[in-house]
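Here is a colleague's note to read alongside the structure, arranged as numbered points. Please keep the sequence and the 3D view open while you go through them.

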Amino acid sequence: MQPTTLNKIASLFLVGGLVIIGIALLVLQHAGPISVPQGVRDLASTGGDGLFAVIGALLLLPVTALAGAVCESLTDSTVRRLIKFMMREKVLIQFFCQSKVYGSHGFWKARFSEVTQETIWLRNLPDFGNDHGLAVAILYCKDREPAITWAESHYATYILVSNFAFLALAAQIYLLVAGFRGWFEWPGIGWASLAVVTVLYSTLGLALDRYLYTYQVAMRQATVLLLMDPVAPEGLGPANEGADLGGGSRAPRRRSRK
């Protein structure tokens, strides 16, 4: 198993573990005393003291994975859409101190667009305005495993920290609700909110950085590959057509909004 794949799986369990801990704290805070049914007590007396420890160990991994998967789904439909929106707003880029990586991403995006317009075997490719996806596809077509691994390692970090950002956002919403409902005192909520907002700011900034850097690497490596080896990969076009970068041109590529 590749380390990057392991990182994505590990992030699922890490986030799922945090979700389980959070749910347990909420239950302890709001559920009050928990009465154990008589049938459960009889089962414990029959199976011994270690019965529930074994059952809990068997259920821990699948329940943690389920919690992580739910968090992943919610993160993908909320925080990651926010991150892609932030990429289009220079004020937000500056607020999260990501101007440098944003500028590098834009530079390589422009160079990648120029090179793909001049590459013959790409001129008939349907243009959906997705430079990110095309750059990754070129890396796979050219079979550049080191570049793919390098990009995937940063993308795995983006997946993990965006999940953390979602959990911080959910925690902040809970703190606000708890303050208005009178579950906690406001001075304590204020200090807790300060800590949570700090986590939210830092994780959103890091997620934005890793997202931009991942595709910066993909477009940079794809640009260099096309300049060094403009010949179409086997099965994608005649080999002798790709040798001349100047012959033929594609229609102007639309700018990706990602």
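1. A residue counts as buried when its relative accessible area is under 20%, as exposed when that area is over 50%, and as partly exposed in between. By that cut-off Asp209 is buried, because its relative accessible area is 17%. The model in front of you is a predicted one, and every point below should be read with that in mind.

2. Taking the fold as a whole, the protein chain has nine helices and zero strands, so that its pattern, read along the sequence, is α-α-α-α-α-α-α-α-α. Of the 258 residues of the protein chain, 34% count as buried. Among the contacts with a separation of 6 or more, 80% are accounted for by residues that are 24 or more positions apart.

3. The structure holds five salt bridges, and some of them can be followed in detail. Asp209, introduced above as buried at 17%, has its side chain in a salt bridge with that of Arg210, at 2.2 Å from N to O. Arg210, for its part, is partly exposed, with a relative accessible area of 24%.

4. Another salt bridge joins the side chains of Arg80 and Glu72, with a distance of 2.7 Å from N to O. Arg80 counts as buried because its relative accessibility is 3%, whereas Glu72, with a relative accessible area of 22%, is partly exposed. This pair does not stand by itself, for Glu72, Asp76 and Arg80 are linked in a network of salt bridges.

5. How far apart along helix H6 are Arg111 and Glu114, in residues and in helical turns? They are three residues apart in H6, which spans residues 99–118, and are therefore separated by about one helical turn. Their side chains meet in a salt bridge of 3.0 Å, N to O. Arg111 counts as partly exposed at 26% relative accessibility, and Glu114 also counts as partly exposed, at 40%.

6. The next point concerns how H6 packs against helix H7 (residues 131–141), which it does at an angle of about 70 degrees, with the two axes 11 Å apart. That angle makes H6 roughly perpendicular to H7, since angles of 65 to 115 degrees count as roughly perpendicular. The contact is made by His105, Lys109, Phe112 and Thr116 on the H6 side, and by Asp131, His132, Leu134, Ala135 and Ile138 on the H7 side. Sorted by class, this contact of H6 with H7 has four nonpolar, three polar and two charged residues. H6 passes H7 in a left-handed crossing.

7. Which residues of H7 are buried? They are Asp131, His132, Leu134, Ala135, Ile138 and Leu139, and these buried residues pack against H6, H8 and H9. After H7 comes Asp143, whose phi is positive, near 60 degrees.

8. Helices H8 (residues 145–181) and H9 (residues 186–228) pack at an angle of about 160 degrees, with their axes 7 Å apart. H8 and H9 are therefore roughly antiparallel to each other, because angles over 145 degrees count as roughly antiparallel. By class, the contact of H8 with H9 has 28 nonpolar, nine polar and one charged residues. The crossing in which H8 passes H9 is left-handed.

9. Finally, the stretch around helix H5 deserves a careful look. Cys97 lies in the loop between H5 (90–95) and H6, and has a positive phi of about 60 degrees although it is not a glycine. Is Cys97 buried or exposed? Cys97 is exposed, because its relative accessible area is 59%, and the cut-off for exposed is over 50%. Lys90, whose place is in helix H5, likewise counts as exposed, at 59% relative accessibility. Lys90 and Tyr102 are twelve residues apart along the chain, and their C-alpha atoms are separated by 9.1 Å.

Terms used. Residues numbered from 1 in each chain as written. Heavy atoms only, no water. Salt bridge = Lys/Arg side-chain N within 4 Å of Asp/Glu carboxyl O. Buried < 20%, exposed > 50% of the residue type's maximum accessible area, 1.4 Å probe, protein only. Helix = DSSP H or I, 4+ residues; strand = E, 2+ residues; numbered from the N terminus. Axes fitted to C-alpha atoms, helices over the stretch in contact; angles between N-to-C directions. Parallel < 35°, antiparallel > 145°, perpendicular 65-115°, else oblique. Left-handed = near helix turned anticlockwise from the far one by under 90°. Contact = heavy atoms within 4.5 Å. Nonpolar A, V, L, I, M, F, W, Y, C, P; charged D, E, K, R; others polar.
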